[in-house]
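Let's take a walk through this fold, beginning with one side chain and working outwards. Keep the viewer open as you read.

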Amino acid sequence: ARARHGVRPPTGQALAAAAAAAAALPQPNGAAAAGKGGMALGALDIFVLSAIAKIGATLVTYPLLVVKNRLQSINRHTHEDMKYAGVVDAVQRMLADEGIGGFYKGMRVKLLQTVLAAALLMMLKEEIFAATRQLLDVAAPAGRRVPASRR
């Protein structure tokens, strides 16, 4: 296989090693993987943890989206003072003109939208997974059930 921009595609051996490593990982038992205390996470725990994770991800990525949107919004009607020469120019001018707060304009609405959506999605996914697992365990004949250690 050909390398593109210095990155080589994974070999069959690398894919097999990754699959073996993934198979060796502990599998979830119930709605979510049990923690150190052996207790499965509940729906509210999953919702809160997902919300916290999404807040962190949004805080990191939002400035990049602001710069990208400003660069994409430039057209022939844009005043010359508002045109950027590139990403570096946009970042430097935004810092000089607006400070660090300029990178986070409009983030409150975005946080509300994305955090709620991500947290609800993750919570629902885990609840559907748990319900499906219960249905499969009930429907499977006794000899064909997946042992708890292999889930």
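Zoom in on Thr58 and look for the backbone oxygen of Lys54: a polar atom of the Thr58 side chain sits 2.8 Å from that oxygen. Bear in mind that you're looking at a predicted model. Thr58 belongs to helix α2, which runs over residues 43-72. Is Thr58 buried or exposed? Its relative accessibility is 5%, so it counts as buried, the cut-off being under 20%.

Who does Thr58 touch, once you set aside residues up to four places away in sequence? The list reads Pro63, Met107, Leu111 and Thr114. Lys110 is worth a look too: it is 52 residues from Thr58 along the chain, yet the two C-alpha atoms are separated by 8.4 Å.

Now slide along to Ser50, another resident of helix α2. With a relative accessibility of 14%, Ser50 also falls under the 20% cut-off and therefore counts as buried. Beyond residues up to four places away in sequence, Ser50 touches Ala118, Ala119 and Met122.

That brings us to helix α4, residues 107-139. How do you put numbers on a pair of helices like this? Two packed helices are described by the angle between their axes and by how far apart those axes are. For α2 and α4, the angle is about 140 degrees and the axes are 8 Å apart. Their crossing is right-handed. Sort the residues of this contact by character and you get 16 nonpolar, three polar and four charged.

Still in α4, have a look at Glu126. It's a charged residue, but its relative accessible area is 13%, so it goes down as buried, again by the under 20% rule. Its side chain makes a polar contact, at 2.8 Å, with the side chain of Lys125.

Next, the nonpolar side of things. Which residues make up the largest nonpolar core? There are twelve of them: Ala51, Tyr62, Val66, Val67, Tyr84, Ala90, Met94, Phe103, Met107, Leu111, Val115 and Ala119. Helices α2, α3 (87-98) and α4 each chip in at least two residues. You've already met some of these names, including Met107 and Leu111, as contacts of Thr58, and Ala119 as a contact of Ser50.

Phe103 is a good member of that core to click on. Ignoring neighbours within four places in sequence, Phe103 is in contact with Tyr62, Pro63, Val66, Val67, Val91, Met94 and Leu95.

Then there's Gly102, in the loop between α3 and α4. Why does Gly102 count as buried? Its relative accessibility is 2%, and anything under 20% qualifies, so Gly102 is in. Apart from neighbours within four places in sequence, Gly102 is in contact with Val66, Arg70 and Met94. Val91 lies eleven residues from Gly102 along the chain, and their C-alpha atoms are separated by 9.8 Å.

Finally, zoom out. The protein chain comes to four helices and zero strands, and from the N terminus the order is simply α-α-α-α. Of its 151 residues, 18% count as buried. And how are the contacts spread along the sequence? Among those with a separation of 6 or more, 57% come from residues 24 or more positions apart. The Thr58 contact with Thr114 and the Ser50 contact with Met122 are two places to go back and look at with that in mind.

Methods
Residues are numbered from 1 along each chain as its sequence is written. This is a predicted model: local features need pLDDT of at least 70, side-chain atom pairs count only at pLDDT 80 or more; totals for chains, interfaces and linings use all residues. Side-chain values use heavy atoms; hydrogens and water are left out. Buried means under 20% relative accessible area, exposed over 50%, partly exposed in between (1.4 Å probe, protein chains only). A polar contact is a pair of N or O atoms within 3.5 Å; within protein, one must be able to donate a hydrogen and the other to accept it, and residues adjacent in sequence count only if both atoms are side-chain atoms. Contact means heavy atoms within 4.5 Å. Axes are lines fitted to C-alpha atoms, for helices over the stretch in contact, and angles run from 0 to 180 degrees between N-to-C directions. A crossing is left-handed if the near helix is turned anticlockwise from the far one by less than a right angle, and right-handed if clockwise. A nonpolar core is a set of buried Ala, Val, Leu, Ile, Met, Phe, Trp, Tyr and Cys residues joined through side-chain atoms within 4.5 Å.
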